[in-house]
Amino acid sequence: EVTPRFFRHFNMFNMAPPTETSMRHMFSCILSGFLTAFPPDFKSLMKPMVDSTIEIFNRIQNELLPTPAKSHYTFNLRDVSRVFQGILMMSPTNCQEKGIMIRLWVHENLRVFHDRLINSQDKLY
């Protein structure tokens with residue numbers, strides 16, 4: 001129990017996590033602006049990449065819950081942003097085909113989500 005006398009030294013606020021719609025809008029805007037430097041057919045990748053990343057995040061967050069042995073299984077919005085941050089590091093000169101962008105997206109999802117999983121059963125998930 002924390003006493004009110006102790007609490008008076010701190011500012012407390014609570015912030016609800018963004019909705020799925022808000023997350024889609026935020027990352028679609030970021031990725032849309034980034035893809036303007038790429039050939040026009042890359043725009044068709046934006047919606048599937050954003051939707052799939054958010055679906056992966058939601059499923060992992062809801063189904064792979066932290067336990068005492070897996071206390072690091074806490075996923076948040078920062079993990080989703082790391083996926084897109086990795087994608088934003090690609091330069092248009094190094095990515096002339098949509099297949100390269102798709103492989104980069106897969107790599108970033110594996111790097112952010114898969115690498116944190118500790119056993120083969122979770123990795124097969």
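Eight salt bridges are present in the structure, which is a predicted model. Among them are a pairing of K70 with D122, a pairing of R82 with D79 and a pairing of R116 with D79. The helix that carries R82 and D79, α4, also packs against α5, with an angle of about 145 degrees between them.

**The K70–D122 salt bridge**

- K70 and D122 form a salt bridge in which the closest N and O atoms are 2.9 Å apart.
- K70 is located in the loop between α3 (46-63) and α4 (77-87), whereas D122 belongs to helix α6 (residues 120-124), so this salt bridge ties together parts of the chain that are 52 residues apart in sequence.
- Neither partner is left exposed in this model, as both K70 and D122 are buried.

**The salt bridges of D79**

- Within helix α4, R82 and D79 are three residues apart, about one turn of the helix, and their side chains form a salt bridge whose closest N and O atoms are 3.1 Å apart.
- R82 has a relative accessibility of 33% and counts as partly exposed because this value lies between the limits of 20% and 50%.
- D79, by contrast, has a relative accessibility of 2% and counts as buried because this value is under 20%.
- D79 also meets the side chain of R116 in a salt bridge, with an N to O distance of 2.8 Å.
- This second pair links distant parts of the chain, since R116 sits in the loop between α5 (98-112) and α6 while D79 sits in helix α4, 37 residues away.
- R116 has a relative accessible area of 22% and is therefore partly exposed, the value falling between 20% and 50%.

**A salt-bridge network**

- Elsewhere, E20, R24, K47 and D51 are joined into one network by salt bridges that share partners.

**Packing of α4 against α5**

- The axes of α4 and α5 are 9 Å apart and the helices pack at an angle of about 145 degrees, with α4 passing α5 in a right-handed crossing.
- On the α4 side, the contact is made by D79, R82, V83, G86 and I87, so that the salt-bridge partners D79 and R82 are also part of this helix contact.
- On the α5 side, the contributing residues are M101, L104, W105, E108, N109, R111 and V112.
- By residue class, the contact of α4 with α5 comprises six nonpolar, two polar and four charged residues.

Conventions
Residues are numbered from 1 along each chain as its sequence is written. This is a predicted model: local features need pLDDT of at least 70, side-chain atom pairs count only at pLDDT 80 or more; totals for chains, interfaces and linings use all residues. Side-chain values use heavy atoms; hydrogens and water are left out. A salt bridge is a side-chain nitrogen of Lys or Arg within 4 Å of a carboxyl oxygen of Asp or Glu. Helices (H or I, at least four residues) and strands (E, at least two) are DSSP runs, numbered from the N terminus. Buried means under 20% relative accessible area, exposed over 50%, partly exposed in between (1.4 Å probe, protein chains only). Axes are lines fitted to C-alpha atoms, for helices over the stretch in contact, and angles run from 0 to 180 degrees between N-to-C directions. A crossing is left-handed if the near helix is turned anticlockwise from the far one by less than a right angle, and right-handed if clockwise. Contact means heavy atoms within 4.5 Å. Ala, Val, Leu, Ile, Met, Phe, Trp, Tyr, Cys and Pro count as nonpolar, Asp, Glu, Lys and Arg as charged, and the others, Gly among them, as polar.
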